[in-house]
Amino acid sequence: MIKNLIRFFRNNYIAFCLLIFCIILAIVFSIQFCASKNLQIKYILKDRSAEIKQMQQKANAFWDSGKNDSALFYFNKTQLLCDPKEDYADDYVGTLSNMVEILQQNGDYYEAETTLIKAFPYLDKTTNTKYPVNVYTFMAYNYLYTYDYEKALYYHKKALKKAVSTFRKSRILSEIAFVYMHQKKYQEAINLLEPIARYKIADKITPSNTDVQRAAILYNLGLSYLRLGNHKELAFKCFDESLKLTLTLKDDYELIGNYYAFYLYYSKYNNPELKKLNAEKAYNCAKRAKSVTNEINMLANLIEADNAKNSKKYWKIYIRKVDSLIVSRKKAKNQFADAIYNSKKNKEENLELKTQKAEKELQLERQKNRNIVLYISIVFVLSALLFLFFRLSRKSKKEKNEAIYKSEARISKKLDAELANDLYQTLTLIRKGNLEQNENKEQLLNNLENIYSKTRNISKENSFILTDENYISELKEMISGYKTDKVNIIMQGFDAVRWNEIDKNKKIILYRVLQELFLNMKKHSQATLVSTTFKINKKNIIVTYADNGIGAKNNDFILKNGLQNVESRIKTINGTITFDKNSDNGFKLSFTFPI
C-alpha cells in the first residue's frame, strides 16, 4: 500500500502538491488552536491559595469533630478549587489523600481507589515526598482491605522508595510486614520487624508518634512470633513492652490491641484465667474508646473465655450491640452516600466554576471563526485522502486482475506445451485400436501416467503455499518430490534457519525459486546429485544450489529454462543472485536476501 502510494505521487505531481498544501494548512491551524487554548488558560488563571486554605480549615474542623460527611464535602470543594492542578499540586494531592482516608474508614474502597488515581499524574509535581508516600500507602491500604495482598505489597514498596526519613521507612516496613502476616508469611514478617525493633526510631517531626509506632512494631512482631510458634518467650516480651509503651500514651483505643494480643497469647498457652482477664480488659477499653466494632469483637472473645453463666449475660449485650450497629451503619451509609452525591453535584453548582465556564465561553466565541476554517480544512484533507484511497484501491484491483490474467495465460501456455503432444499421441493410439495387444495397452498406460504426472506437477507449481508452521514440511515435501532413484538430493543447514522470523512474502518467493531450480534440474541438467545449503550471515539468508549436471557455459543458458524467473523473483525481495559460469562440473548458483 505504501509503495503504491509513493508510486502514485511520483506520477501525479499535482496530487502530491495538493496533499502537501493540505497538511501544511492543517498544521498551521492546529498550532493556532493550541496557542489560543493556552492563551485561554492563562487568561482565567488567578491565585486561589487563600481560598483553598480556608476551605481546608473548614474540612479539617469537621473531620476533627467526627463529622466525616461534612468533612468530605468541604475536602471535595477544596480539590475543585485546585484547578489548574499543576499550580496547587500539594494542596490537590493532600486533599485527595484526606478524602481517601475518610472513604476507607467508611468502607467505600471503590470510590477511594477512583479518588487516588486522580492524584497519580501530579505526584511528580508535589514539593514534598510525603505526598507521594501517602498516596502509595493509602493505595496499599485499599488493596489490603480488599484482600489483594500482592498489589498492597507493590504499593508499599513504591512508598518505601519515595520515603526519606528513617522513621517513615521503618513505619512502611512495619506495614509491609503486616501484609505478610495476612498472607501467613510470619517468618518474612519477623525478618523485617526484628531489625527495626532493636532500636527506638524517633519521629523528629512529630515526637509523639515515636512511642505509638514502636508499640505497633512490637505488637506485630509479637503476633508473628505467636503465629509462627516455638517463640513463647519472645512473643511475651514483645507484647509486654508494647503494652507498657501504650499505657504511657493513655489511649484506650490503642490498648484494645495490646490486651487482645495477651488474650491470644493465653489462649494458645492454655491459661484460662489470664485469657478471660485480658479479654475483659480489651472489652472495657473498647467501651471507653466508644469503638462499637471493637467492643462487639472483644465481647465475642469474652463470651468464649468466660464461664457459661456470665457468657449468657454477655450474649444478650452482644445481640443488642450488633443490632444497634447494623442500624447505625445503615444510617451512616445513607448519610455518607448523600455526602458523596452532594460533593459531586456541587461541582456543577460551584460559583467559581461557573465564572470559569463563562470566561471559557467568551474565549471560545472569539475562536469560533478560526475553528470553522480549521474544520473545513480537516474535511478537505480527509476528502483528499479518501479520494487517494479509492484511487489506489481501484488501481490495486486492476493490477491484481492483470496478474491473474498473466498467471492464467502462463498456465495455459504450459499446459499446451507439455500436455498437447502427449494427449495427441494418446488419442492417436486409441483411434488405431488394437488395445488388446499387450504392447499397445502398456504404451497407453504409460502415456496416461505421463499426462497425470505432468498435470500434477503443473498443479503443484501453481498451488497455494502455506506460510504458517506447516511451511517447513511443505518445502521439504516439494524438494523431496524431485528425488528419484537416479537423483540424490542433499540439504544442509535447513533446520538452523528460524523460519518463523521470515516474512510471509519472502517464504513464498524462496519456495518458488527453489521450485524453479529443481524443475530446471529435472528437465535439462541430467544431474545425479543436487546440494542445497542454507546459511545465516548476520540478518541475511544465503542459499547455495549446486548439481553435477551438464552445467552452464554461457549467458544464453542462464536466460533459458525459467532461470530468468529466479533472478527476477530474488530482486523483488531486495536480494542478490550470483551464477557460477566458470564451474567445470555441473551448475552452481547462490542467492542472498535479508530476513
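Colleague: Which residue just after H14 takes a positive phi of about 55°?
Modeller: Helices are DSSP runs of H or I with at least four residues, strands are runs of E with at least two, and both are numbered from the N terminus. Step just past the end of H14. The residue with that positive phi is Lys290.

Colleague: What kind of model is this?
Modeller: Residues are numbered from 1 along each chain as its sequence is written, and side-chain values use heavy atoms, without hydrogens and water. Local features need pLDDT of at least 70, side-chain atom pairs count only at pLDDT 80 or more, and totals for chains, interfaces and linings use all residues, as the model is predicted.

Colleague: How far does H14 reach from its first C-alpha to its last?
Modeller: H14 covers residues 272-288, which makes 17 residues. The expected span is 1.5 Å times one less than the number of residues. That gives 24 Å, and the helix comes close to this, reaching 24 Å.

Colleague: Within what arc do the buried residues of H14 fall?
Modeller: Buried means under 20% relative accessible area, exposed means over 50%, and partly exposed is in between, with a 1.4 Å probe and protein chains only. The buried residues of H14 are Lys275, Asn278, Ala279, Ala282, Tyr283, Cys285 and Ala286. They line one face of the helix, because the directions from the axis to their C-beta atoms fall within an arc of 160°.

Colleague: Which residues of H14 are exposed on the other side?
Modeller: Turn the helix away from its buried face. On the other side, the exposed residues are Glu273 and Arg288.

Colleague: Which residue in the loop between helix H13 and H14 has a positive phi of about 55°?
Modeller: H13 spans 252-268, and the loop runs from there to H14. The residue is not a glycine. At 67% relative accessible area, it is exposed. Its name is Asn270.

Colleague: Where is Tyr147, which has a positive phi of about 65°?
Modeller: Tyr147 is not a glycine, yet its phi is positive. Its relative accessibility of 64% makes it exposed. It sits in the loop between helix H7 (130-145) and helix H8 (149-162).

Colleague: How many salt bridges does the structure hold?
Modeller: A salt bridge needs a side-chain nitrogen of Lys or Arg within 4 Å of a carboxyl oxygen of Asp or Glu. By that rule, the count is eight.

Colleague: Which residue meets Asp240 in a salt bridge?
Modeller: The partner lies four residues away in helix H12 (residues 232-249), about one turn of the helix. An α-helix has 3.6 residues a turn, so residues three or four places apart point the same way. Asp240 is partly exposed at 24%, while its partner is exposed at 53%. The N to O distance is 3.2 Å, and the partner is Lys244.

Colleague: How far apart are N and O in the salt bridge of Glu567 and Lys571?
Modeller: About one helical turn separates the pair, because they are four residues apart in helix H23 (residues 563-572). Glu567 is partly exposed at 25%. Lys571 is exposed at 54%. Their N to O distance is 3.7 Å.

Colleague: Which residue forms a salt bridge with Glu501?
Modeller: Glu501 is partly exposed, at 46% relative accessible area. Its partner is exposed, at 59%. The closest N and O atoms are 3.5 Å apart, and the partner is Arg498.

Colleague: Is Ile502 buried or exposed?
Modeller: Ile502 lies in the loop between strand E1 (488-492) and helix H21 (504-525). Its C-alpha is 8.8 Å from that of Pro594, although the two are 92 residues apart along the chain. With a relative accessibility of 7%, Ile502 is buried.

Colleague: Which residue in E5 is the bridge partner of Phe579?
Modeller: Two strands pair if DSSP finds at least two bridges between them. E4 (residues 576-580) and E5 (residues 587-594) run antiparallel and have five. On E4, Ile577 and Phe579 make up the covered face, and Thr576, Thr578 and Asp580 the uncovered one. In E5, the partner of Phe579 is Leu589.

Colleague: What is the accessible area of the nonpolar patch of Tyr375, Ile378, Leu382 and Leu385?
Modeller: Patch residues have over 30% relative accessible area and no salt bridge; like charges are joined within 9 Å, and nonpolar side chains (Val, Leu, Ile, Met, Phe, Trp, Tyr) within 5 Å. One member, Leu382, is in helix H18 (residues 368-432) and is exposed at 52%. Areas come from the Shrake-Rupley method with a 1.4 Å probe, and for residues only the protein chains shown count as cover. Together the four have about 390 Å².
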